[in-house]
Amino acid sequence: MSIFPKISLRLEVENYLKAGFMNEEVVSALGKEAAERKFETLLHKLSCPPSFTTVRVNTHLASVQHVKSLLFDELQKQFSGLSFPILQHPDLQDVLLIPVIGPRNNIKQQPCEVIVGAQCGNAVLRGAHVYVPGIVSASKFMKGGDVVSVYSDIKGKCKKGAKEFDGTKIFLGNGISERSRKEIFSRLPELKGIGVRMTDPVYLSPSFDSVLPSYLFLQNLPSAVVSHVLDPQPGEKILDLCAAPGGKTTHIAALMRDQGEVIALDKISNKVEKIKQNALLLGLNSIRAFCFDGTKALKLDTVKDTDGEPPFLPESFDRILLDAPCSGMGQRPNMACTWTLKEVTSYQPLQRKLFTVAAELLKPGGVLVYSTCTVTLAENEEQVAWALKTFPHLQLQRQDPQVGGEGMLGAGLSSEQRKRLQRFDPCVVPSQDSDTGSLGDARIEDMIWLANKDCIGFFIAKFVKCKST
């Protein structure tokens, strides 16, 4: 069982999500009690990390087996005395899976406490150390070298620099303080390095801080599936319409063997710089990144040539990935979301604007993949139903590889149409503990199944644009 509470949401947001997961079609198929249990399971699963850490190998620079061997040596250094299996995904040959151990319930909490922000806490649950900017509070007499217990302030109530905090806090594990309280909160100069090195976390997961940075990219499993579904080919012209931070962009380029052209757009300049940095780090030369609003990427006049820069003429791309901005309600772990209902529901119109641009920019016979990291019906299956009605020249396609489950009921899609979608829904897996002993007894097939199911919430749809007759 999870030692964490279910995700904390505003009541209006929880009711909105519940209405989607308990719509008439779902209740008719499952029954009211089963549908309600499934929704409650989802809320609990969202607060916990996935069962596996997923890394993608940069096959442009090295073979999977070579990188797997290097990673094995690295894990031996991190976890002396513990043996972690590294699994190669059978359907995603460039993906490696490392089991997460936990939750570990026998960790002794220390009198010296460090309180971190919720975002920092989520990163710790996935293997990160605590960096100084994430620290909100520390015990009065904390010195460098002290053993400390780290807690997440999931509701954001702790005051910066407080010496103690009695509000809602979730225990994340123990670590060694790298800095004194005085250093952390002196603010002169501003510190950015590791503040607490986690030594005994509740969820034991590898740290990938500066680990094989040119060979590995830390990526959620469904995010790696997306680029394989797009299936880019050498020599093609590909558009990643909302590309930051560049994980899928660089994956697309690697799958094309860095032959062709990958255009990456994002409207925030520092995120575009991150895409360029990732491309450089991974040795990929086919990527061109631009700071540009994807909703304006369609060129409406043909008078002025933009010389390969946005905006673009209609029917310019062989394949387009629209990994759309979304409510992010599938991200894990996430113990608290303070968003209002207005914020959660604000993405559907933007997604439709971007989809309309993508449909125009796609060549006849081209492939458009739409994806989100959320679980809402409105941003996923309802968008597919809208797209099929609005763009009769787009056809829903079967996906390969098919790793997730079929689409959810409630948007009026046929059974065949739902089977052509991929919905990654963590609530299909009951909560369970994982320890090193159970790993030794587990079959590889069972671990792969668990990795496929117990991941973040995610959605993928694949369309092809019919050729004109």
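Which residue stands opposite Val57 in strand 11? I shall answer that in a moment, once the sheet concerned has been introduced. Please keep in mind throughout that we are looking at a predicted model.

Let me begin with the sheet that contains strand 11. This open sheet has four strands in the order 3-4-2-11, and the pairing is antiparallel. Its edges are formed by strand 3 (87-88) and strand 11 (216-218); each has a single partner strand, so one side of each is left without a neighbour in the sheet. Strand 2, residues 52-57, runs antiparallel to strand 11, and three bridges join the two. Within this pairing we find the answer to the opening question: Val57 stands opposite Leu216. Helix 4, residues 64-78, packs on this sheet and touches strand 2, strand 3, strand 4 (95-99) and strand 11. The direction of helix 4 makes about 25° with that of strand 4.

I turn now to the other open sheet on my list. Six strands make up this sheet, in the order 6-10-9-8-5-7, and here the pairing is mixed. Strand 6 (130-131) and strand 7 (135-138) are the edge strands, each pairing on one side only. At one of these edges, strand 7 pairs with strand 5, residues 113-117, in the antiparallel sense over three bridges. In that pair, Ile115 stands opposite Ser137.

Further into the order of the sheet we come to strand 9. Why may strand 9 be called largely enclosed by the rest of the structure? Seven of the eight residues of this strand, which spans 170-177, are buried, and the description follows because of that count. Strand 9 has antiparallel partners in strand 8, residues 147-153, with six bridges, and in strand 10, residues 194-201, with five bridges. As points of orientation, Asn174 of strand 9 stands opposite Ser149, while Ile176 stands opposite Arg197 in strand 10. For anyone tracing side chains here, a general point applies: in a regular strand they alternate between the two faces of the sheet.

Next, the helix packing. Two packed helices are described by the angle between their axes and the distance between the axes. Consider helix 1, residues 11-21, and helix 3, residues 32-46: their axes come within 10 Å and cross at roughly 135°. Helix 1 is therefore oblique to helix 3. On the side of helix 1, the contact is made by Glu14, Leu17, Lys18 and Phe21. Helix 3 contributes Ala35, Glu36, Phe39, Glu40, Leu42 and Leu43. The crossing is right-handed.

A further pair is helix 11, residues 347-361, with helix 12. The axes in this pair come within 11 Å and cross at roughly 40°, so helix 11 is oblique to helix 12. This crossing, too, is right-handed. Gln348, Gln351, Arg352, Phe355 and Thr356 of helix 11 meet Glu382, Gln383, Trp386 and Ala387 of helix 12.

Helix 12 leads us to the annotated positions. The unreviewed UniProt entry assigns the feature "active site" to Cys373. In the model, Cys373 lies in the loop between strand 17 (362-372) and helix 12 (381-390). Is Cys373 buried or exposed? Its relative accessibility is 17%, so Cys373 counts as buried. Apart from neighbours within four places in sequence, Cys373 is in contact with Cys326, Gly328, Met329, Gly330, Gln331, Ile456, Gly457 and Phe458.

The unreviewed UniProt entry also lists a "binding site" feature, at Cys242, Ala243, Ala244, Pro245, Gly246, Gly247, Lys248, Asp266, Asp293 and Asp323. I have chosen two of these positions for closer inspection.

Ala244 is placed in the loop between strand 12 (237-240) and helix 8 (247-255). With a relative accessibility of 23%, Ala244 counts as partly exposed. If residues up to four places away in sequence are not counted, Ala244 touches Asp266, Lys271 and Ile275. Of these contacts, Asp266 is itself within the "binding site" annotation from UniProt.

Asp323, by contrast, lies in strand 15, residues 317-323. Its relative accessibility is 17%, so Asp323 counts as buried. Leaving aside neighbours within four places in sequence, Asp323 is in contact with Cys242, Lys248, Ser371, Thr372 and Phe458. Phe458 links the two annotations in this account, since contact with Phe458 is recorded for Cys373 and for Asp323.

Terms used:
Residues numbered from 1 in each chain as written. Predicted model: local features only at pLDDT ≥ 70, side-chain atom pairs only at ≥ 80, totals over all residues. Heavy atoms only, no water. UniProt positions renumbered as here; feature names shortened; annotations may be inferred. Buried < 20%, exposed > 50% of the residue type's maximum accessible area, 1.4 Å probe, protein only. Contact = heavy atoms within 4.5 Å. Pairing = 2+ DSSP bridges. Axes fitted to C-alpha atoms, helices over the stretch in contact; angles between N-to-C directions. Parallel < 35°, antiparallel > 145°, perpendicular 65-115°, else oblique. Left-handed = near helix turned anticlockwise from the far one by under 90°.
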